[in-house]
Amino acid sequence: MSDVGETGATSNTINGGIFFHAVIQGRDITVQLPPRITPALSGLPAPASAFTGRGKHVEQLLEDLAPATRGMGGQRAVLVSAVSGLAGIGKTELAVQTATRALNHPDDWFPGGVLFTDLAGYDPERRLSPERALEGLLRALAIPGEHIPNGVEDRQRLYRSVLATYAREGRPILVVVDNASTTGQAAPLLPTDGTTAALVTSRHTLDGLDARLHDLGTLDEAASTALLDQALRYARGDHDTRITDDPDAATVIARLCAGLPLALRIAAAILAAAPTRPATSLATALQAEHTRLDKLARPDRAVRAAFDLSYQYLTPDPARLFRLLALNPGLDVSSDAAAHLADTGHEQAETLLQHLAEAHLIEPAQAWGRWRMHDLVRLYADEHGRSHATSDHRDNARIRLFTHYQDTTQAADTHLDTLPGPRAPRFSDRDDALQWLDAEHANLTATATTAPALGHPAITAFLVFALARYLHYRRYFDEWVTLTTTALAVFRELGDRHGEGGALNNLGTALRQVRRFEEAIDAETQAAAVFRELGDRHSEGTALNNLGTALQEVRRFEEAIDAHTRATAVFHELGDRHGEGQALGNLGIALQEVRRFEEAIDAHTRATAVFRELGDRHGEGTELNNLGTALREVRRFEEAIDAHTRATAVFHELGDRHSEGQALGNLGTALQKVRRFEEAIDAHTRATAVFHELGDRHGEGTALNSLGTGLREVGRFEEAIDAQTRAAAVYGELGDRHGEGTALNNLGAALQGVGRFEGAIDAQTRAAAVYGELGDRHGEGQALSNLGIALRDVGRFEEAIDVQTRAAAVFRELGDRHGEGQALNNLGNSLSQVRRFEEAIDVQTRAAAVFRELGDRHSEGTALNNLGTALQGVGRFEEAINAQTRAAAVYTELGDRHGEGQALTSWAIAHNERWLRRN
C-alpha cells in the first residue's frame, strides 16, 4: 500500500506476511511480482493405517509437545523429545502418528504446520549432512535459494530466526527430525527459541541433545497379532480374516517376529501378496531359524537390510563382540560372561556393551550388568558370527564362555553344601552364590542342554551334577529332569557306567519331585544295580536311599523300609555319618507310614543327633520336622510342637521357604492337638501362602487341607468348607488319590458343622472308597468313623452303627488305640439313639478306658459324659451322675468351658431324673 503525505514523501507499508529476502519500496516504481510462494509446512509422511500397541508412547510424547502453561518466561516444559530404539521397531511411525495427532489437536497447537526431514543417518549413500538438511528445511520455509547462505552456521542462524519469527507471530511450527545417527547430525536442526518443539528419532540414544529420552521396545503378543490383522485387512479388505480365523498360527507368527513392527508388517505383506495362503503356512515357513531372516523380506524392505545399516555403523571391537554374543545360549548375558567371550577385561567389555546398547542392538536388562538381544537380532548376529568365525576365533570364545559357566557354577555349589567345609572364594557367602545362580540359571541349563550338539558333552555332564543342589533347592524339577535325561544320554553314548549311574540317581530324585513315581523307582533301581556292578558301595547306598523314598510315594512301605535299612547299613559300614543320617531320616518316615511310631522316633532322634554333630543345619531342621510328626502320633504333643517350632526357625534362618512351609503346616497340626486352634490357623495360613508363592500346588493342597481342619475346630465352617473344597480340587488335578481322600474326609466333617449332612455323607463315602481302593486301612477307618457321625445326624442310626463298628474294627486291627477309642465313642452315641443302652454303656466304658490309658484327657471327658447319658437310659442314675461329675472335672481342669457346661447340664438332668424316680 502506498500513501503520499503533506510533504510529498511516499510511505510504503507491507502487511500480512513474513519476509526474509529483499523487499523493494519506492515512488513510481512498477514491479512484476511472482506468484505467491507458500511455505512447505505439510511435508509429514502419511500415517500408517495399521498402528497399535503404542498408545502409551503417543500419550507421553503428546504430553511433552503440549504447550505449557505460560509463566517463568514462557518456557516449555519439554522442548525436544528423542525417540530411540532398534531398527524396525517403529520409531518413525510413532513420530508420524504423534505429529499427526498434535497437528490436528482441537486447541491448534501448531498452526504454523510441521517440518519433517529424514536424515538417513545410517545409510552411507543417502545420509544428509546438517548443512544439506538445513538447506532443505529453509526451502520448505519458502526461503528462495539465492537467499540461503553457504555454511552450516549461517544456515543454522537463518533457520532458527525463521522458526522464532513464526513462534512470535503465533504460528509455532513442529519440527520432526527422523533417523539421525549422531547428536552432531541432529543438533543443528533443533530450534532454540524456547517455544518451538521438536521430535527426533534415532537408533542411538542421543543423550547430548538435552532432550527428553524415550526408549521404544517391542510389541507384546496381543498388539503384534492386532497389527498383523489390521495390516492384512487394510491391504485386502475386512473380509480377509486369516489372522483372526487362525489365532494359533497368528500367535506363532507374532512370536517368531518377536514383536518387531517391521517384521510384522512384512509378514502381513507376504500374506497380502498371496490371498489364498493360510496363516499356518507362513507360521511353518518362519520356524526354521537359519532361513527366518530370508523369509522376512519384500522387494522394497527387509529385516536383514534394516539391521545391516546399524551393523555397518559399528567400529571393529563392538562389531566383534556383537557377533560373539550370539554364542550365549540363554536369553540374556552378564558383563562378566561377555568379557570371557571377548577375552577382555570387565570394564572394557562393559564399555563395548554400552556402545551396543546405545545403538539399540542390545538392551540392558532390569538389573545392571545384564544384557538382552532381540531374537531376530540374535539370528542376524549369529549369521555374521559364522562368516567371521576364523577371524573372531569363535570356537575359542565359546569354550571360554562354557568354562566360565562351569567353573563359576562349581564355586557357587560349594556354598550350597550344608556340611561344613571349604567354600570357593569367588562368592562371599551362600546368598551371594544363590544370587549368581538365580541370575544365570537359564543360561546354565541352556548351556548344559545344547553343549553335546556343539561338541562339548563333558560340559553337560559337569553342569548337571554341579547344578543338582541348586535345582533341588529352588525346586526347578522340570529343568532337572531335562538336564539329567540329557546327561544320561551323554554317559551312555560315552560308555561311562559310573556317570550313567549318577545321572540315573539324580533323574530318579527329579522324577519323584514331579510325581512321576514309577519312573523314579525304575531309575533308582537301575542306578543301584549299576553301582552294585561297579562295586561302588557308597553310591549304591545313595541310590537305595532314594529308591526307598520313591517307593514310599506309591505306598510300598515295606519295600521302602527294606531299601532305607540297607542304605543305613551301607553308610554305617563306610563311616559316612551324613549319609547314615539321611537314610535314618527316610527310614523314620517309612516307619511312620506303617504306624511303627516308636521305631520312627528312634530313627529321627538318631538322625537329628547326626546332623547336629556334623553341623548340618538343614539336615537337622528336616529331622526335627520329621521327629515332630512321629511324636504327634504317640500324643507327645508338646514335644512335637517344640520340634516343629525349632525346625521352622532353622528353615527360616536358611531361607528355605519350601521346608519352612512344611514345618509350619506340621506345627499347625500339632497345635490343633492341644486345642491351640488360633495359633494353628495362623501356622496353616502362613504355610498356604508359602506354597502358593512358590507355585507348589501339592504343598498348597496339603496346607489348605490342614487349614480347613483348624477352621472347623473354631466353628468357622464356611471357611473350612472353602479350604477343603480347594484342597480336594488341587489333589484331584494332580492325581493324588490319597490326598483327595483326606480332603474329602475333612470336607465331610466341615459340611456336618453347618448341617449339610447329605453332602457330608457323600464326601465321606467317597473318601472311604478312595482309601479302600488304595489299601490305606487307617484312612478308611477315619472316613468310616466320620461317615458314621453324619449318618447318625440324619437319623440313619443302623447304618451309622454298622460303619462305626467297622471303623472300630479297623483301628483295633491296626493297633491304633486312639482311633479305636474315637470310633467306640461314636458307636456308643449311635447305640444310645436306638436305645441299645447296655451296648452303648459297654463301648463308652471301653472308650473312656482307652483315652485314660493314652492320657487324652479331653477325649476321656467326652466319653465319660456320653457314658453318663447311656447310664441314664437304663435308670442307673448314681453311676450316670458319677460319670458326668468326672467329665465336668476333666473339662474344668482343661479350661474347656463349653465341655464343662455340657457335662453339668447332663449331670443336672441325671439329678432331676433321680429325684423324680424317688418321689
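Me: Which way do the side chains of Ala197, Leu199 and Thr201 point from S6 relative to Ala198, Val200 and Ser202, and are these residues buried or exposed?
Reply: Strands, like helices, are DSSP runs numbered from the N terminus (E, at least two residues, for a strand; H or I, at least four, for a helix). In a regular strand the side chains alternate between the two faces of the sheet. In S6, Ala197, Leu199 and Thr201 point one way and Ala198, Val200 and Ser202 the other way. With the cut-offs of under 20% relative accessible area for buried, over 50% for exposed and partly exposed in between (1.4 Å probe, protein chains only), all of these residues are buried.

Me: What kind of model is this?
Reply: Residues are numbered from 1 along each chain as its sequence is written, and side-chain values use heavy atoms, with hydrogens and water left out. Local features need pLDDT of at least 70 and side-chain atom pairs count only at pLDDT 80 or more, whereas totals for chains, interfaces and linings use all residues, the model being predicted.

Me: Why is strand S6 described as largely enclosed by the rest of the structure, and how many of its residues are buried?
Reply: Strand S6 covers residues 197–202. The strand is largely enclosed because its buried residues number six of the six.

Me: In what sense does S6 pair with strand S3 and with strand S5?
Reply: Two strands pair if DSSP finds at least two bridges between them. S3 (residues 80–84) is joined to S6 over five bridges, with Ser81 opposite Leu199 and Val83 opposite Thr201. S5 (residues 174–180) is likewise joined to S6 over five bridges, with Ala180 and Ser202 as bridge partners. The sense of pairing with S3 and with S5 is parallel.

Me: Which residue of S7 is the bridge partner of Ser81 in S3?
Reply: S3 is mostly covered, five of its five residues being buried, with Val80, Ala82 and Ser84 on one side and Ser81 and Val83 on the other. S3 also runs parallel to S7, to which four bridges join it. In S7, the partner of Ser81 is Arg212.

Me: How far apart in sequence are the parts that the salt bridge between Asp64 and Arg212 ties together?
Reply: A salt bridge here is a side-chain nitrogen of Lys or Arg within 4 Å of a carboxyl oxygen of Asp or Glu, and the closest N and O atoms of Asp64 and Arg212 are 3.3 Å apart. Asp64 lies in helix H1 (residues 55–65) and Arg212 in strand S7 (residues 212–215), so the separation of the parts tied together is 148 residues.

Me: Which partner in the Asp64 and Arg212 pair is partly exposed?
Reply: Asp64 has a relative accessible area of 6%, so this residue counts as buried. The other partner has a relative accessible area of 41%, so the partly exposed residue is Arg212.

Me: Is Thr98 buried or exposed?
Reply: Thr98 lies in helix H2 (residues 91–103). Leaving aside residues up to four places away in sequence, Thr98 touches Val58, Leu61, Leu62, Leu65 and Leu199, where contact means heavy atoms within 4.5 Å. Its relative accessible area is 0%, so Thr98 is buried.

Me: What distance separates the end C-alpha atoms of helix H29?
Reply: The buried residues of H29, among them Phe637, Ile641 and His644, pack against helix H28 (617–633) and helix H30 (657–673). The expected span of a helix is 1.5 Å times one less than its number of residues. For the 18 residues of H29 (residues 637–654) the expected value agrees with the end-to-end distance in the model, which is 26 Å.

Me: In what order do the strands of the open sheet of three strands lie?
Reply: The pairing in this sheet is antiparallel, and its edge strands, S10 (332–334) and S11 (363–364), each pair on one side only. Two bridges join S11 to S12 (residues 370–372), and Glu363 stands opposite Arg372 in S12. The order of the strands is S10-S12-S11.

Me: Which helix holds both Asp842 and Arg846?
Reply: The side chains of Asp842 and Arg846 meet in a salt bridge at 3.3 Å, N to O. Asp842 has 39% relative accessibility and so counts as partly exposed, as does Arg846 at 33%. The two residues are four residues apart, about one turn of the helix, and both lie in H39.
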